[in-house]
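Open the model in your viewer and switch on side chains. This tour goes from one selection to the next, following the charged residues.

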Amino acid sequence: LYSLDRSETVTSSYIGDFSYLGGLHTVTDMDVDEVAAFGSLGFNLLENVQATLDARYAKEEKKVKAVDTALNQGARSEFDNSHSWNMFLPKITIDWRVSDQNMVYASYAKSEKSGGYNVITTSGVILPHERTYEPEKSDNYEIGLKSNFYDGRYMATLAAFLIDWHDQIVRGLGDSLAVLNTNVGTSTSQGLEFELTGQPTDRIGIRLGAAYTDAKYDEYNFDVLETFLGIDPVMDGNPLPL
């Protein structure tokens, strides 16, 4: 069970030569309630091959009430809404123990993050069609090798992963340049990870690691770039922020 009650007051205003633009005073109350259940089942496919099935079911409800007051005109608007999301998240892992020292594994998992509401911004005005954003989802694939040697004093892991990401939730600009959460198109993140841990002596331990990640947009049209800046809005092939 998870429950969150949050109240927030934010005032954003222009100063100096731009004070005539006013600003916005926002009072927000948000409630989030989630209930979830998790289960795991492992069984042998062959003598040296094991499968593990995991699953998580969650239901999350978000309620929000936001009152905006324009500082220069005194105009007042209210946004009051609630929505719930049901999420079923399975995962399957297969382990193949090639020998006492080596294991090969592969896994697939589905992930989901619930949507929400845009109620606070530091610029512009949040328009009615920009108030909500949808959940983001991903399909996650991984294959790897785990090995130990020198009587178990050293362990090495090599893994390759692929994340197929749909409807990402990222910070963006609305039609009036309001900073808000928005769903983009599709993205792919893939790469390799290597880790080596060891215990050369009873007093000395080592840990080495390296990773390579290639994360980019597959399909994303950022219309605001063209509308306000005259820049090509097609972001396909560009690396993901951060």
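Start with D31. This residue of the predicted model is partly exposed, because its relative accessible area is 32% and partly exposed covers the range between 20% and 50%. D31 sits in strand β2.

Now widen the selection to D5, D29, D31, D33 and E61. Together they form a negative surface patch. Colour residues 23-46 as well: this is strand β2, which supplies three residues, the largest share of the patch.

Next, turn to the salt bridges. The whole structure has five. Three stops follow.

**Stop one: R6 and E8.** Select both side chains. They form a salt bridge, with the closest N and O atoms 3.8 Å apart. R6 is partly exposed at 40% relative accessibility. E8 is partly exposed too, at 31%.

**Stop two: R56 and E34.** Here the closest N and O atoms of the salt bridge are 3.0 Å apart. R56 lies in strand β3 (residues 49-70) and E34 in strand β2, so this pair ties together parts that are 22 residues apart in sequence. Add a surface and check each partner. R56 is partly exposed, with 31% relative accessibility. E34 is buried, at 14%.

**Stop three: E60 and K62.** Their side chains meet in a salt bridge, at 3.8 Å from N to O. Are these partners buried or exposed? E60 has 8% relative accessibility and counts as buried. K62 is buried as well, with a relative accessible area of 13%. Both values fall below the cut-off, because buried means under 20%.

Notes
Residues are numbered from 1 along each chain as its sequence is written. This is a predicted model: local features need pLDDT of at least 70, side-chain atom pairs count only at pLDDT 80 or more; totals for chains, interfaces and linings use all residues. Side-chain values use heavy atoms; hydrogens and water are left out. Patches are made of residues with over 30% relative accessible area and no salt bridge: like charges are joined within 9 Å, nonpolar side chains (Val, Leu, Ile, Met, Phe, Trp, Tyr) within 5 Å. Accessible areas come from the Shrake-Rupley method with a 1.4 Å probe; for residues, only the protein chains shown count as cover. A salt bridge is a side-chain nitrogen of Lys or Arg within 4 Å of a carboxyl oxygen of Asp or Glu. Lys and Arg count as positive and Asp and Glu as negative; His and the chain ends are not counted. The place of a charge is taken as NZ of Lys, CZ of Arg, CG of Asp or CD of Glu. Helices (H or I, at least four residues) and strands (E, at least two) are DSSP runs, numbered from the N terminus. Buried means under 20% relative accessible area, exposed over 50%, partly exposed in between (1.4 Å probe, protein chains only).
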